[in-house]
Amino acid sequence: LSKIGYNLIIYPVTSQRLAMKAVEDGFKELFEKGSQRSLLPNMQTRSRLYEVVRYADYAKFDEGIFNFKLKDHQ
(Lines give C-alpha, C1' and ligand atoms only; values in the text may rest on other atoms or scores of the structure.)
Protein backbone atom coordinates (compact mmCIF):
# COMPACT_ATOMS: atom_id res chain seq x y z
CA LEU A 1 0.00 0.00 0.00
CA SER A 2 2.86 2.41 0.60
CA LYS A 3 3.65 2.28 -3.13
CA ILE A 4 0.28 3.86 -3.90
CA GLY A 5 0.53 6.55 -1.23
CA TYR A 6 -0.87 4.98 1.96
CA ASN A 7 1.08 5.65 5.14
CA LEU A 8 -1.22 3.85 7.56
CA ILE A 9 -3.06 0.56 7.52
CA ILE A 10 -6.13 0.22 9.71
CA TYR A 11 -6.93 -3.25 10.93
CA PRO A 12 -10.75 -3.26 11.24
CA VAL A 13 -11.03 -6.89 12.32
CA THR A 14 -8.39 -6.37 15.02
CA SER A 15 -10.25 -3.30 16.24
CA GLN A 16 -13.51 -5.21 16.30
CA ARG A 17 -11.97 -8.12 18.18
CA LEU A 18 -10.46 -5.76 20.77
CA ALA A 19 -13.78 -4.02 21.25
CA MET A 20 -15.79 -7.23 21.44
CA LYS A 21 -13.44 -8.70 24.06
CA ALA A 22 -14.00 -5.60 26.20
CA VAL A 23 -17.76 -5.87 25.67
CA GLU A 24 -17.74 -9.57 26.55
CA ASP A 25 -15.73 -8.95 29.72
CA GLY A 26 -17.97 -6.05 30.69
CA PHE A 27 -21.18 -8.05 30.26
CA LYS A 28 -19.70 -10.90 32.28
CA GLU A 29 -18.87 -8.47 35.08
CA LEU A 30 -22.37 -6.96 34.95
CA PHE A 31 -23.93 -10.42 35.10
CA GLU A 32 -21.74 -11.59 37.97
CA LYS A 33 -21.78 -8.42 40.11
CA GLY A 34 -24.99 -6.77 38.98
CA SER A 35 -23.29 -3.39 38.72
CA GLN A 36 -20.94 -1.47 36.48
CA ARG A 37 -19.14 0.17 39.40
CA SER A 38 -15.96 -1.91 39.03
CA LEU A 39 -15.93 -1.22 35.26
CA LEU A 40 -15.90 2.57 35.55
CA PRO A 41 -12.09 2.99 35.69
CA ASN A 42 -11.83 1.10 32.37
CA MET A 43 -14.63 2.95 30.64
CA GLN A 44 -14.19 5.90 28.35
CA THR A 45 -15.91 9.04 29.55
CA ARG A 46 -18.86 10.29 27.56
CA SER A 47 -17.01 13.50 26.71
CA ARG A 48 -14.02 11.53 25.39
CA LEU A 49 -16.30 9.28 23.34
CA TYR A 50 -17.96 12.33 21.79
CA GLU A 51 -14.53 13.79 21.06
CA VAL A 52 -13.27 10.59 19.40
CA VAL A 53 -16.35 10.14 17.20
CA ARG A 54 -16.52 13.90 16.50
CA TYR A 55 -20.08 14.03 17.80
CA ALA A 56 -20.30 17.84 17.60
CA ASP A 57 -19.37 17.77 13.91
CA TYR A 58 -22.07 15.24 13.13
CA ALA A 59 -24.64 17.05 15.25
CA LYS A 60 -23.90 20.26 13.36
CA PHE A 61 -24.15 18.42 10.03
CA ASP A 62 -27.42 16.75 11.05
CA GLU A 63 -28.85 20.06 12.20
CA GLY A 64 -28.81 21.31 8.62
CA ILE A 65 -30.40 18.15 7.25
CA PHE A 66 -32.93 17.30 9.92
CA ASN A 67 -34.39 20.64 10.83
CA PHE A 68 -37.88 19.80 12.02
CA LYS A 69 -38.83 23.29 13.08
CA LEU A 70 -42.23 24.30 11.78
CA LYS A 71 -42.28 27.51 9.83
CA ASP A 72 -44.76 30.11 10.94
CA HIS A 73 -47.16 30.65 8.04
CA GLN A 74 -48.75 34.08 8.45
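The following exercises, each with a worked solution, concern pockets, salt bridges and accessibility in a predicted model.

Residues are numbered from 1 along each chain as its sequence is written, and side-chain values use heavy atoms, with hydrogens and water left out. Because the model is predicted, local features need pLDDT of at least 70 and side-chain atom pairs count only at pLDDT 80 or more, while totals for chains, interfaces and linings use all residues.

**Exercise 1. The largest pocket**

Task: State which residues line the largest pocket and how the lining divides by class.

Solution:

Step 1. On a 1 Å grid over the protein atoms alone, a pocket is an open set of points where a 1.4 Å probe fits, with protein on both sides within 12 Å along at least five of seven lines; lining residues have an atom within 4 Å of a point.

Step 2. The volume of the largest pocket is about 240 Å³, a volume being the space filled by probe spheres set on the points, which are joined across faces, edges and corners.

Step 3. The lining consists of Ala22, Val23, Gly26, Phe27, Leu30, Gln36, Leu39, Asn42, Met43 and Gln44.

Step 4. Ala, Val, Leu, Ile, Met, Phe, Trp, Tyr, Cys and Pro count as nonpolar, Asp, Glu, Lys and Arg as charged, and the others, Gly among them, as polar. On this basis the lining has six nonpolar, four polar and no charged residues.

Step 5. Two of the lining residues are Phe27 and Leu39. They stand twelve residues apart along the chain, with 10.0 Å between their C-alpha atoms. Phe27 belongs to helix α1 (helices being DSSP runs of H or I with at least four residues, numbered from the N terminus). Phe27 counts as exposed because its relative accessibility is 57% (exposed means over 50% relative accessible area, buried under 20%, and partly exposed in between, with a 1.4 Å probe and protein chains only).

**Exercise 2. Salt bridges in helix α1**

Task: Determine which residue forms a salt bridge with Lys33, and whether Glu29 is buried or exposed.

Solution:

Step 1. A salt bridge is a side-chain nitrogen of Lys or Arg within 4 Å of a carboxyl oxygen of Asp or Glu. The structure holds four of them.

Step 2. The partner of Lys33 is Glu29, with 3.0 Å between the closest N and O atoms. Both residues lie in helix α1, four residues apart, about one turn of the helix.

Step 3. Glu29 is buried, since its relative accessible area is 18%, whereas Lys33 is exposed at 57%.

Step 4. Leaving aside residues up to four places away in sequence, Glu29 touches Gly34, Ser35, Ser38 and Leu39 (contact means heavy atoms within 4.5 Å).

Step 5. Helix α1, which spans residues 12-33, also holds Lys21 and Asp25, four residues apart. Their side chains meet in a salt bridge of 2.9 Å, N to O. Lys21 is partly exposed at 47% relative accessibility, and Asp25 is partly exposed at 37%.

**Exercise 3. Arg54**

Task: Locate Arg54, describe its phi, and identify which side chain it meets in a salt bridge.

Solution:

Step 1. Arg54 is in the loop between α2 (46-52) and α3 (55-65).

Step 2. Its phi is positive, about 55°, although Arg54 is not a glycine.

Step 3. The side chain of Arg54 meets that of Asp57 in a salt bridge of 2.8 Å, N to O.

Step 4. Arg54 counts as exposed because its relative accessibility is 51%, while Asp57 is partly exposed, with a relative accessible area of 42%.

Terms used: Helices (H or I, at least four residues) and strands (E, at least two) are DSSP runs, numbered from the N terminus.
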